[in-house]
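Trainee: I would like to go through this model step by step. Can we begin with the fold as a whole and then turn to details?

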Amino acid sequence: MNIYIESKVINFLKFVCVYIFFANIAFSQEDTNIESLQVNDSFPIAVVNMQAIVGESIAASQVKKFIEAKKIEFSTELQKEEAVLKTMQEELGSQRSILPPDEFAELEGNFRKRVENLQKMVAEKNQLLEDILSRSVQKIQTEAVKIITSIGKEKNLALTLDTSTVVIAANSINISKSVIDLLNINLPTLDMDAIMLGK
């Protein structure tokens, strides 16, 4: 049984939340454009690619490896239980004609309960991996936002936008690389054991 949606492992950072600062400020082509913002020192602006910042961080690479290892561990565990269930099913098939109906019904009931327990275990393992991923990404995002805020104060930025909300932006106002560099320094690793426990 597949305990984890493969596409989510491959794209495990695709559902990174978009951070938009000062979201209530209107941004329209009619009264504002990227070129004018670049040259207007009274309204300094920057953009960041939050998905790239989180996805390219060293911590994110650690998270992906951890999840892959857990996936293999859980798969091995579940395959063992599947093998036991297969043997039980074969024994039930051979005993159907020789056991009294009440005894066979009891054995069949035990088999069904064990199948239900396996299905429950699969769901729990899936949820655990989902939670690990979500908590890990949240911690990386939180640190990234702190760094972006610090850079904003240092450079007296009035506004920082995610590139997903901007049609065109000059490379000169994209601070993503600086954020990634600082993120790798400030948060090179995550405590995965603590994250597994929900801390």
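The questions below go from the whole chain to one helix pair and then to two residues.

Trainee: How many helices and strands are there in the protein chain, and which pattern do they follow along the sequence?

Mentor: This is a predicted model. The protein chain has seven helices and two strands. Read along the sequence, their pattern is α-α-β-α-α-α-β-α-α.

Trainee: What share of the contacts with a separation of 6 or more comes from residues 24 or more positions apart?

Mentor: The protein chain has 199 residues, of which 34% are buried. Its exposed area is about 12,300 Å², with 52% supplied by carbon and sulfur atoms. Among contacts with a separation of 6 or more, the share from residues 24 or more positions apart is 91%.

Trainee: Is H5 parallel or oblique to H6?

Mentor: Two packed helices are described by the angle between their axes and the distance between the axes. H5 covers residues 101-154 and H6 residues 176-186; their axes lie 10 Å apart at an angle of about 120 degrees. Because that angle falls outside 65 to 115 and is not over 145, H5 is to H6 oblique.

Trainee: Which residues of H6 does H5 meet, and how many residues of each class does the contact hold?

Mentor: H5 passes H6 in a right-handed crossing. From H5 come Ile140, Glu143, Ala144, Ile147, Ile148 and Ile151, and they meet Ser178, Val179, Leu182, Leu183 and Asn186 in H6. By class, the contact of H5 with H6 has one charged, two polar and eight nonpolar residues.

Trainee: Does Ser176 count as buried or exposed, and what is it in contact with beyond its neighbours within four places in sequence?

Mentor: Ser176 lies in helix H6. Its relative accessibility is 8%, under the 20% cut-off, so Ser176 counts as buried. The C-alpha atom of Ser176 is 8.9 Å from that of Ile148, 28 residues away along the chain. Leaving aside neighbours within four places in sequence, the contacts of Ser176 are Val47, Val48, Asn49 and Ile53.

Trainee: What distance separates the C-alpha atoms of Ile45 and Gly152?

Mentor: Ile45 is in strand S1, which runs over residues 45-48. Ile45 counts as buried because its relative accessibility is 9%. Ile45 and Gly152 are 107 residues apart along the chain, and their C-alpha atoms are separated by 9.0 Å.

Note on methods: Residues numbered from 1 in each chain as written. Predicted model: local features only at pLDDT ≥ 70, side-chain atom pairs only at ≥ 80, totals over all residues. Heavy atoms only, no water. Axes fitted to C-alpha atoms, helices over the stretch in contact; angles between N-to-C directions. Helix = DSSP H or I, 4+ residues; strand = E, 2+ residues; numbered from the N terminus. Parallel < 35°, antiparallel > 145°, perpendicular 65-115°, else oblique. Left-handed = near helix turned anticlockwise from the far one by under 90°. Contact = heavy atoms within 4.5 Å. Nonpolar A, V, L, I, M, F, W, Y, C, P; charged D, E, K, R; others polar. Buried < 20%, exposed > 50% of the residue type's maximum accessible area, 1.4 Å probe, protein only. Areas by Shrake-Rupley, 256 points an atom, 1.4 Å probe, with all protein chains shown as cover.
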